[in-house]
Amino acid sequence: MIGAAILQPVVALLAWTMVMWVWMYATRLPAMAKAGIDGKTMVGSTGASLRAKLPDTVSWKADNYNHLHEAPTLFYAVALVLAIIGQGDGLNAAIAWAYVALRVAHSLVQATSNRVVIRFALFALSTLALMALILHAAIAVFH
């Protein structure tokens with residue numbers, strides 16, 4: 001299929017999001033038990049309400065899982081556009097892989113040390129990659 005190479009990084013980022021989901025609950029559930037929080041009795045609570053009751057290191061994973069549902073949604077959309085119009089190979093596929101690598105690195109930093117300056121640099125670089133993909137899609141669609 002022409003332009004389909006870009007679908008590989010799409011699936012990779014989808015899989016990474018599920019890795020973060022598992023990591024989030026693998027740390028959150030034991031931390032809730034340790035803090036004496038019984039999820040069965042909670043009503044109308046949100047993850048944000050747990051923040052004050054759980055260690056920051058536990059919340060960082062949940063924060064990152066949420067972040068993987070923000071800017072990456074634009075990545076998924078532009079990658080599908082590029083694949084559909086036959087522009088998802090070559091340079092665009094390479095940029096997409098760079099985007100995924102930067103988002104995975106961002107996740108690892110946020111979920112472990114959570115150094116904001118490093119996180120921001122990775123986020124900014126990933127956003128530049130995303131902007132390049134959007135620009136390439138716009139050129140192809142509007143040309």
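**Exercise 1. The arginine 51 contact**

Task: Determine the exposure class of arginine 51, then identify the salt bridge that this residue forms.

Solution.
- Step 1. The relative accessibility of arginine 51 is 35%, and this residue therefore counts as partly exposed. The class limits are: buried under 20% relative accessible area, exposed over 50%, partly exposed in between, with a 1.4 Å probe and protein chains only.
- Step 2. The coordinates are a predicted model, in which local features need pLDDT of at least 70 and side-chain atom pairs count only at pLDDT 80 or more, while totals for chains, interfaces and linings use all residues. Residues are numbered from 1 along each chain as its sequence is written, and side-chain values use heavy atoms, with hydrogens and water left out.
- Step 3. Side chains of opposite charge can pair when their charged atoms come close. The criterion for a salt bridge is a side-chain nitrogen of Lys or Arg within 4 Å of a carboxyl oxygen of Asp or Glu.
- Step 4. Arginine 51 meets this criterion with aspartate 63, the closest N and O atoms being 2.4 Å apart. The pair links distant parts of the chain, twelve residues apart: arginine 51 belongs to the loop between α2 (47-50) and α3 (56-67), and aspartate 63 to helix α3. Helices are DSSP runs (H or I, at least four residues), as are strands (E, at least two), and both are numbered from the N terminus.
- Step 5. Aspartate 63 has a relative accessible area of 19%, so this partner is buried. A search of the whole structure yields one salt bridge.

**Exercise 2. Overall architecture**

Task: State how many helices and strands the chain has, and what share of the chain is buried.

Solution.
- Step 1. The secondary structure consists of six helices and zero strands. Read from the N terminus, the order of elements is α-α-α-α-α-α.
- Step 2. Of the 143 residues in the chain, 38% are buried.
- Step 3. Along the principal axes, the C-alpha atoms occupy a box of roughly 60 × 30 × 20 Å.

**Exercise 3. Helix packing around α4**

Task: Describe how α4 is oriented relative to α1 and relative to α6.

Solution.
- Step 1. Axes are lines fitted to C-alpha atoms, for helices over the stretch in contact, and angles run from 0 to 180 degrees between N-to-C directions.
- Step 2. The axes of helix α1 (residues 7-34) and α4 cross at roughly 155 degrees and come within 9 Å. The two helices are therefore roughly antiparallel, given that angles over 145 degrees receive this label, under 35 roughly parallel, 65 to 115 roughly perpendicular and the rest oblique.
- Step 3. For α4 and α6 the angle is about 30 degrees, with the axes 10 Å apart. This pair is therefore roughly parallel.
- Step 4. The crossing of α1 and α4 is left-handed, and the crossing of α4 and α6 is left-handed. A crossing is left-handed if the near helix is turned anticlockwise from the far one by less than a right angle, and right-handed if clockwise.

**Exercise 4. A nonpolar surface patch**

Task: Identify the residues of the nonpolar patch and the helices that each supply at least two of them.

Solution.
- Step 1. Patches are made of residues with over 30% relative accessible area and no salt bridge; like charges are joined within 9 Å, and nonpolar side chains (Val, Leu, Ile, Met, Phe, Trp, Tyr) within 5 Å.
- Step 2. Leu80, Val81, Ile84, Ile85, Val141 and Phe142 make up the nonpolar patch, and together they have about 610 Å² of accessible area. Such areas come from the Shrake-Rupley method with a 1.4 Å probe, where for residues only the protein chains shown count as cover.
- Step 3. The helices sought are α4 (71-84) and α6 (116-142). The most is given by α4, with three residues.
- Step 4. Phenylalanine 142 is placed in helix α6. Its relative accessibility is 72%, so phenylalanine 142 counts as exposed.

**Exercise 5. Backbone and loop positions**

Task: Characterise asparagine 114 and lysine 53.

Solution.
- Step 1. Asparagine 114 lies in the loop between α5 (90-111) and α6. Its relative accessible area of 14% means that asparagine 114 is buried.
- Step 2. Most residues other than glycine have a negative phi. Asparagine 114, by contrast, has a positive phi, near 55 degrees.
- Step 3. Lysine 53 is situated in the loop between α2 and α3. With 54% relative accessibility, lysine 53 counts as exposed.
- Step 4. Lysine 53 and isoleucine 37 are 16 residues apart along the chain, and their C-alpha atoms are separated by 8.6 Å.
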